[in-house]
Structure formats: C-alpha cells, structure tokens
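Please open the model in your viewer and keep the sequence panel beside it, so that each stop on this tour can be selected as you read.

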Amino acid sequence: MFEKLSFFFWKLFNKKYINSKKQFISISKTGFEVINLLGDTLYLYKWEDIEDIYFEDENHDNLIIVDSKNVSISYPKSTINWIHFLKTVPQNFKSLDYEHIANYLKSLKYCEICGYKAVDEYCDVCSAETWDDKFLEDYESKEEYLKEEQLDYYAVMSIYEHVDFEQDKDLGFEKDINYKIYVSKEEILKHSAEFYYD
Ligand SMILES: [Zn+2]
C-alpha cells in the first residue's frame, strides 16, 4: 500500500532541513498512515474511521483529526506531505474549512526542482528548499543548486530501476509548463551509483 516509502525516507535523510520535521504522512485512496522519521507507524487510519477533521485555529497551520473512537491527533503543517493531505482529503468532513484549503492550494508556487505546484515554505513533493540568494555562500550559482537537488530527486536505488522524469505525477499536482530539467539520465545514474545504491 505504501511502496517506495523507505526510498523516500532515505532521500529525506539526506536533506539538510529534515531535523525540523517530526513526522511524515503517507496517503492512499483508502486512508493514511502517520509515521515518525524512524519509520515507525504512529497511526494508521482508513478514511471511514475518521469522524471529523478541522483546523485548530485561524492560522490554519494545525489540523486536528478525530477518529470514530473520539481520539484526536494533531497534524501540524511541519508534517511531511501536509499539502498532499489537504489535496486528497475527502470532501465530507463537516468541520473542515474547504474554502481555505482551495485558496491555500491556489496560492502555492511551482517548484524549480521537481516542477510541481507544491511549494509553501518547502516543496511538498520533492522536499527541497526553494532557491534563495543566501545559498550563494554554498553554491556557485542557482543552476548548480537546482542541478544538485534534481540529482537527488531523480536518483534511483539500484541498477534495476529506471530514471523516471515523470515521477510523482500520480500525486495530482499541476506541473509548470516552463519546468526545466538540468541533469541528464547519465548524470543521475552516476550520482545514484555513488550515493544511493545498496
Ligand atoms: Zn519540488
């Protein structure tokens, strides 16, 4: 049900900002799973087990999920896959501010690393940090930064996997028509062999 998860974690652990994130949510058609960054499942729910979902306050940065046994869990914006969750959540929860969700999703920006419209503070699809001029302390140019991030984003775990430039399209995020890939298949495979192969 949640394939590719370990690979996802593996990539995430290479990210500089990961320490600021505490948990991850994995979503399927039937439900979702909340996982900590060690890979342990904290909660596993089917949508039908959920009684209600609502934003805790007017900042809209913390979701409260109430299950059918009246147990509440808190799902803060800092959770990985927060945006994907808002995009996927069924339309039948009586206390959920769907209008806010629609406006929020509209306000997202395109990611220059993966191309999807999924960027708030970070990209919800590739988890990369948006380019900032302060990165010039560590990178020669913006293009060098985008290239490095794309090498990680498109990396594969073994020689049996293929590089997929369309990866994550099933998540349903809109893709920027001006999106540019700065890395070649050969470069990705070379990078994968060096950093990702078992
Ligand atoms: Zn991205």
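Which residue in β6 is the bridge partner of Val66? Select Val66 and look across to β6, where its bridge partner is Ser72. Before going on, note that this is a predicted model, in which local features need pLDDT of at least 70 and side-chain atom pairs count only at pLDDT 80 or more, while totals for chains, interfaces and linings use all residues. Residues are numbered from 1 along each chain as its sequence is written.

A few terms will help on the way. Strands here are DSSP runs of E with at least two residues, numbered from the N terminus, and two strands pair if DSSP finds at least two bridges between them. As general background, strands of a sheet pair through backbone hydrogen bonds, either parallel or antiparallel.

**Stop one: the sheet with β5**

Now select residues 62–67, which make up strand β5, together with residues 72–76, which make up strand β6. Five bridges join β5 to β6, and the two strands run antiparallel. Another pair to pick out here is Ile64 and its bridge partner in β6, Ser74. The hairpin of β5 and β6 has four residues between the strands, and in it Asn70 takes a positive phi near 70°.

Next add residues 50–55, strand β4, which five bridges join to β5 in an antiparallel arrangement. Select Ile50 and you will find that its bridge partner in β5 is Asp67. The hairpin of β4 and β5 has six residues between the strands, and there His60 takes a positive phi near 55°.

Seen together, these three strands form an open sheet in the order β4-β5-β6, with antiparallel pairing. Its edge strands are β4 and β6, each of which pairs on one side only. The twist averages 20° from one strand to the next, where axes are lines fitted to C-alpha atoms and angles run from 0 to 180 degrees between N-to-C directions.

**Stop two: the sheet with β2**

Move on to another open sheet, whose three strands lie in the order β1-β2-β3 and pair in an antiparallel way. Colour its edge strands, β1 (23–27) and β3 (41–46), each of which pairs on one side only. From one strand to the next, the twist averages 15°.

Finally, select residues 31–36, strand β2, which five bridges join to β3 as the two run antiparallel. Within this pairing, Ile35 stands opposite Thr41 in β3.
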